[in-house]
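Biologist: I'm new to this one, so could you walk me through it? I'll ask, and you show me how you get to each answer.

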Amino acid sequence: MALSLSRSAAIPRTAPLGVPRDRRRVTAQGAPWLFLAPIMAIFVVLYAIPLGQSLWFSFTDANGYTTDMHWIGLANYAAAFKDPEMVSALWFTLAYAAITTVAITCLAIPLAVVLNTRFPGRDVVRSVFFFPAVPSIAVLGMVWGFILNPLGSGVLNSALHAVVGIGPVPWLSDPHLAQISVIVVAVWAQTGWHAILYLAYLQSIPSDYYDAATIDGAGRVRMFRSITLPLLTPAITVSQLLLMTGGLKVYDLPFTLTHGGPGFATRTVTQSLIEQGVAQADIGKASALAVLFLLLVGAIILGQMTVSRRLEARYT
Amino acid sequence: MSLNQHESDTPRRAPARRRRVMALSTLAVATLALSACSSSSAGSTSSTSAGAAESTVSFFSWDTQATMQPVIDGFEKANPGIKVDFSYSPPVPQYVSTLQTRLRSGTAADVFIITAENKQNLMGQKLVKDLSTEPFMSNIAQAAKDTYTKDGATYGAAIASWGGGILYNKDLLAKAGITTEPKTWSEFLADGATLKAAGITPFLEPGDGVTVTLSALLGIKNQQLGGSMDADIWAKKQTFASTWTDTLTTWSQLFSSGMETRAAAGLTGDQVMAEFEKGNVAMIGTGSWALGTIKTAAPNLNVSFAAVPGTDGTLYWCGAVSPGYAINAKAQHPVAAEKFVEYLTSKAGVALYQKQTQSITTTADFTPTLDPALTEMATAVRAGQFYLPVVSWPTHSDVLGTEATAQMQQLIAGSSTPAKFAAALDAKLASAGS
């Protein structure tokens, strides 16, 4: 962005000669703002104003039905910490974000390395792994709900009974199994997309490095550890940032798969926010939760970015 | 960062110009924001502008236009000078959310739906008109009036109710040698054991909301307490612990006895219906709305609907008053709105609606034609003999309903107890503030 702004100083040189000098200068200086105006408008209308409103609502008893609201100080913030449902949602959300980020990274990098090698039908295999990223995650949730139906007639339970002879497994009915199921489906759905991301970075690594390492007698594992992994650190930063932010604000997959149950086992913070804000018309409390969650997510992402940048600086 | 870089490349007069440019940009942004707000409100109110006067009535429904069109046509035919401006949002969260936004921005329709999920806010903040003195309210059932009454004022005109009970696959029961429906809770459990011994899955209920059997058993308890169970809890004369624990203990026998699988904690209504349609289960807990779907999917099933049997032999139905019609307190066309609700609650309007939806209508001057399997239920429902906790709770029904469903799932899964369930509801009510 800085480069583009400084380059704009060159515009007067190409401006029509008949245009007065002052006007040309104003045009030159105003041009960047003209281009920035649409995105600024979008940012202000869709992000800054709602964010400011949420902050204001969090100190009030806003109910969503009228504009009549009263200042109640920090009462909504105090209530947020007392709600066991919210605490449960927070723990599952953090666990979901952390586990999916680690699991997908551990699976996507080796998968990308395999997909980067030459073998017959490589393009088809790449497409197959990328496919789960195409349909809406809500649709995937419904399909997996059908597969993981906890009754004996469920797709997976029928297969298990036919092949192994074991009884119906309560995939989505047991709290722990439901949590595991949601995370496994999330990993399945996103690994292919992130593998393609890593693949793009892998293809930018010059083959000279591998040729030199081969001459030096390095094996595949050594080349992966000493060349591939260090040069993938920028990709790891991008991928993990996307996974962590997506994981922390997740709503669609757990909701379509389990509706947050059984009990509060797979409830996420976003689901609680939506239910309190919309269904229960408690805009004030939902806004307080949103502000707290924003600060928490900000802190996590800042920490993650700091670590990633240090690793990038060290290995690249 | 970019600004600093720009500054270094420009003459000294640049900051003043930059301020002008920034001011213009800010003005443009503000204008855009304001125009966005004003255009949306203008768009919403254009159909109900003052020029249209009483020749239009706007109606926001959660029944689709296909369902409501015959009723709307009937109204427009009966009132040639008035056109209905119809809008729709599907139930429940989307409808509630859209109505909230429209009310807050002053663009809500003249007539809209009041329901269990929004009635406390609509009635408490007097966002809807008191209909208690309207002549057409004499046609509305007492249970329906009670549901939408607060402090002596009635804010909704509901024309139907729904019931829920146990749907039996009579052929599967006969296969296990059971010829009559159970009359007591013990007989119900005994039939379950008989079916299980015959290799038939006895009973299923979805765990995605407070179940039909639990609601009906709580209805029996409410009846034993003179119908004041919820009022007493809210008045702090009783607690959930003192009124619900026994009933929860009875109900949890479904799982401890093995009559119903603990997998029900993760089942949805559609999954349970699919099992019944395939003949995989002998009995399910469901509502009157399910019968049409099941008969369409499995026309050869030999079914019957019966009430839930209590421990003392009392038979009771789960059920609730359906959503009602409400008039916006700030309706732009109040006269036309009254005429529209009057038609919706009239014999002609109710007949057209019933034909479209097969609902159990409860208005005094019209008797609905229903599937024979619903006859017994309809009689009880029209007499107001049903109970559903979420609708009966005087306040915080959504907060408590979410908590009750979560606690029920934990009880089904075996990770909670009836006492913990009831205590959690007491704690939730205390934190929400009765």
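**Two chains, piece by piece**

Biologist: What distance separates the centres of domain 1 of chain A and domain 2 of chain A?

Modeller: First, a caution: this is a predicted model, where local features need pLDDT of at least 70, side-chain atom pairs count only at pLDDT 80 or more, and totals for chains, interfaces and linings use all residues. Residues are numbered from 1 along each chain as its sequence is written, while chains are lettered from A and ligands numbered from 1 in the order written. In chain A, domain 1 covers 2-57 and domain 2 covers 76-315, with bounds from an automatic or database assignment. Taken over C-alpha atoms, their centres are separated by 38 Å.

Biologist: How does the radius of gyration of chain A sit against that of a compact globule of 316 residues?

Modeller: The C-alpha trace spans about 85 × 75 × 35 Å along its principal axes. A compact globule of 316 residues would come out near 20 Å, going by the rule of 2.2 Å times the number of residues to the power 0.38, with the radius taken over C-alpha atoms. Chain A itself has 26 Å.

Biologist: And how many helices does chain A have?

Modeller: We go by DSSP runs, numbered from the N terminus: H or I over at least four residues for a helix, E over at least two for a strand. The strand count for chain A is zero, and the helix count is 15.

Biologist: At what angle do helices α5 and α14 of chain A pack?

Modeller: α5 (residues 84-115) and α14 (residues 269-279) of chain A have their axes 8 Å apart and pack at about 145°. Touching there are A:E85, A:M86, A:A89, A:L90 and A:T93 from α5(A), and A:V269, A:Q271 and A:S272 from α14(A), where contact means C-beta atoms, placed from the backbone, within 7 Å. By class that's four nonpolar, three polar and one charged (Ala, Val, Leu, Ile, Met, Phe, Trp, Tyr, Cys and Pro are nonpolar; Asp, Glu, Lys and Arg charged; the others, Gly among them, polar). Axes are lines fitted to C-alpha atoms over the stretch in contact, with angles running from 0 to 180 degrees between N-to-C directions, and here the angle is about 145°.

Biologist: Is A:G154 buried or exposed?

Modeller: A:G154 is in the loop between α7 (137-147) and α8 (155-163) of chain A. Beyond its neighbours within four places in sequence, it contacts A:I147, A:L148, A:N149 and A:P168. The cut-offs, using C-beta atoms placed from the backbone, are 20 or more others within 10 Å for buried, 12 or fewer for exposed, and in between for partly exposed. A:G154 has 23 such neighbours, so it counts as buried.

Biologist: How many of the nine residues of helix α10 of chain A are buried?

Modeller: Across the whole of chain A, 34% of the 316 residues are buried. Helix α10 (residues 207-215) of chain A is hardly covered, though, with a buried count of zero.

Biologist: Over to chain B: which strands stand at the edges of the four-stranded open sheet?

Modeller: The order is β2-β1-β3-β12 of chain B, with mixed pairing; two strands pair if DSSP finds at least two bridges between them. An edge strand has a single partner, so one side of it lacks a neighbour in the sheet. In chain B that description fits β2 (83-88) and β12 (324-327).

Biologist: Which residue of β3(B) is the bridge partner of B:F59?

Modeller: Strand β1 (residues 56-61) and strand β3 (residues 111-114) of chain B run parallel and share two bridges. Opposite B:F59 in β3(B) sits B:V111.

Biologist: How many of the seven residues of strand β8 of chain B are buried?

Modeller: Strand β6 (residues 160-169) of chain B joins β8(B) through five bridges, antiparallel. Strand β7 (residues 201-204) of chain B pairs with β8(B) in the parallel sense over three bridges. β8 (residues 281-287) of chain B is largely enclosed by the rest of the structure, because its buried residues number seven of the seven.

Biologist: Last one: how far apart are the centres of domain 1 and domain 2 of chain B?

Modeller: Domain 1 of chain B takes in 49-159 + 322-345, and domain 2 of chain B 162-319 + 387-432. Five residues of domain 1 of chain B are in contact with six of domain 2 of chain B. Over C-alpha atoms, the centres of these two domains are separated by 32 Å.

How values were computed:
Two residues are in contact if their C-beta atoms, placed from the backbone, lie within 7 Å.
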